[in-house]
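Reader: I am new to this structure and would like a close look at a single part of it. Please take me through that part in connected prose, and then through what surrounds it.

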Amino acid sequence: MKSRKLFYLCARKMDIREEIGQKMNALGSKGEAFVFLIDFDQKEAIILPPGDDSQLLWQAGSKANFTPQKPGARIEKWKTHPISFEAYQKGFDLVQHHIHNGDTYLLNYTQPTSIECNLSLEEIFHLSSARYKLMLKDRFVCFSPETFVQINDGTIASFPMKGTIDANSSNAQEELLNDTKELAEHNTIVDLIRNDLSLVAENVSVEKFRYLDRIQTRQRDLWQVSSKITGRLPEDYAPHIGDILFTLLPAGSVSGAPKKKTVEVIHAAENYQRGFYTGIFGYFDGRNLDSCVLIRYIENMDGQLVYKSGGGITFMSDAKKEYEELLNKVYVPIID
């Protein structure tokens with residue numbers, strides 16, 4: 001079978017949700033495999049055959065389209081230049097204004113951090129370790145710990161992440177699990193994802209609530225809190241795979257609730273373009289699907305490497321603690 005050519009669309013030319021969704025549905029109805037990228041604002045999307053490595057290198061669990069290699073270079077330089085706390089707080093205060101106005105009750109607020117590193121995007125990609133990692137050549141590298149949705153023989157599952165702490169601090173696990181702000185935020189996102197899955201599936205339930213994963217990095221280890229939510233798709237879900245995915249976008253864990261108004265507030269408060277950051281990547285094998293949220297993300301912006309990170313804001317959030325969480329998430333999962 002001949003390899004399909006790159007299918008690439010931009011919203012300035014056509015409706016991404018309609019065109020990409022229809023393309024996915026068509027491939028799903030034929031049982032054909034594909035990989036995909038969709039940006040946060042659903043203005044840019046890419047669909048490729050799984051083995052095409054001309055622009056995109058990727059790994060999702062045990063599946064990948066590249067041969068692992070270890071570059072000769074090592075990470076020797078890592079300097080971060082985040083925005084000032086004062087600049088961060090301006091956006092934070094705007095978010096709080098909208099929260100107290102009732103426009104949103106959970107919002108994922110992010111900001112860019114310029115970084116200096118001796119490694120190229122490709123070297124970072126090959127040296128890093130993560131369940132999901134990908135590199136869109138000359139544009140960005142991502143090493144995500146967060147699953148968006150998985151589909152296995154008709155069962156759809158989501159694993160929202162909310163809550164992060166430095167693993168080296170004393171009593172870190174207990175502190176994170178007993179934090180009332182983190183608990184409220186996690187409850188909110190679990191409820192949001194449960195409602196999202198109910199739009200496409202039946203018998204939706206929370207199978208596992210607030211479990212901890214330890215993430216190892218060169219800078220520090222982190223504890224991350226997740227939950228598992230599952231549901232059952234209709235028997236004929238494959239021909240509707242695009243509709244299912246776009247119904248669930250944007251990912252609730254990196255937008256907030258209610259989604260539509262929250263995204264409007266995000267654009268006003270952040271004052272920069274997320275691009276593919278907090279979008280999604282996935283691999284569909286013709287029946288089953290594995291996908292991730294594009295977090296832990298470094299972008300090449302006109303020759304300057306920029307790390308994008310953030311966290312969930314509620315009415316209980318403290319600006320200094322949220323700023324510290326943003327900084328803690330600026331890392332690469334490379335262990336010397």
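Is Cys-292 buried or exposed, and what is its relative accessible area?

Author: The model is a predicted one, and what follows is computed from it. Cys-292 is buried, with a relative accessible area of 0%. The cysteine sulfur closest to that of Cys-292 belongs to Cys-142, at 5.6 Å. A disulfide requires two cysteine sulfur atoms within 2.5 Å, so 5.6 Å is too far for a bond between Cys-292 and Cys-142. Seen from the other side, the closest cysteine sulfur to that of Cys-142 is the one in Cys-292, again 5.6 Å away and too far for a bond. Cys-142 is also buried, and its relative accessible area is 0%. In general, a disulfide is a covalent bond between the sulfur atoms of two cysteines. By the distance rule, the count for this structure is zero disulfides.

The strands that hold these two cysteines lead to other details. Strand β17 covers residues 289-293. Val-293, in the lining of the second largest cavity, is listed there together with Glu-146, Thr-147, Phe-148, Ser-158, Phe-159, Pro-160, Ile-193, Ala-251, Gly-252 and Ser-253. The volume of this cavity is about 50 Å³. Its lining residues divide into six nonpolar, four polar and one charged. Searching the whole structure for cavities of 30 Å³ or more gives four.

After β17 the chain enters a loop that ends at β18 (297-301), and Arg-296 is placed in this loop. The phi angle of Arg-296 is near 55°, which is a positive value in a residue other than glycine. Arg-296 counts as buried, at 5% relative accessibility. A second residue with this feature is Thr-278, whose phi is near 70°, also positive and also in a residue other than glycine. Thr-278 sits in the loop between α7 and β16. With a relative accessible area of 2%, Thr-278 is buried.

The loop of Thr-278 returns in the matter of aromatic rings. The structure holds 13 aromatic pairs. One of them joins Phe-140 and Phe-276 in a tilted arrangement, with 5.7 Å from centre to centre and 40° between the planes. Phe-140 lies in strand β9 (residues 140-144), while Phe-276 lies in the loop between α7 (259-270) and β16 (280-284), so the pair ties together parts that are 136 residues apart in sequence. Both Phe-140 and Phe-276 are buried. Elsewhere, ring pairs link Phe-85, Tyr-88, Phe-92, Tyr-109 and Tyr-323 into a cluster.

Before α7, the chain has two cis peptide bonds to describe. One runs from Leu-249 to Pro-250, with omega near -10°. Pro-250 is in the loop between α6 (241-248) and β15 (256-257). Another cis peptide bond joins Ala-257 and Pro-258, and here omega is about -10°. Pro-258 is in the loop between β15 and α7.

Two further residues concern other parts of the chain. Gln-96 lies in helix α2, which spans residues 85-100. Its relative accessible area is 9%, so Gln-96 counts as buried. Leaving aside residues up to four places away in sequence, Gln-96 touches Ile-313, Thr-314, Phe-315 and Ser-317. Ile-334 belongs to the segment after α8 (319-328). Ile-334 is buried too, at 4% relative accessibility. The C-alpha atom of Ile-334 is 9.4 Å from that of Ala-130, though 204 residues separate the two along the chain.

The whole protein gives these residues their setting. It has eight helices and 19 strands. Of its 336 residues, 57% are buried. Taking contacts between residues at least 6 apart in sequence, 73% join residues at least 24 apart.

To return to the starting point, Cys-292 is buried at 0% relative accessible area, and its sulfur is too far from that of Cys-142 for a bond.

Methods
Residues numbered from 1 in each chain as written. Predicted model: local features only at pLDDT ≥ 70, side-chain atom pairs only at ≥ 80, totals over all residues. Heavy atoms only, no water. 1 Å grid on protein atoms, 1.4 Å probe; cavity = no way out; pocket = protein on both sides within 12 Å on 5 of 7 lines; lining within 4 Å. Points joined across faces, edges and corners; volume = space filled by probe spheres on them. Nonpolar A, V, L, I, M, F, W, Y, C, P; charged D, E, K, R; others polar. Buried < 20%, exposed > 50% of the residue type's maximum accessible area, 1.4 Å probe, protein only. Helix = DSSP H or I, 4+ residues; strand = E, 2+ residues; numbered from the N terminus. Contact = heavy atoms within 4.5 Å. Phe/Tyr/Trp six-rings, centres within 6.5 Å; stacked < 30°, edge-to-face > 60°.
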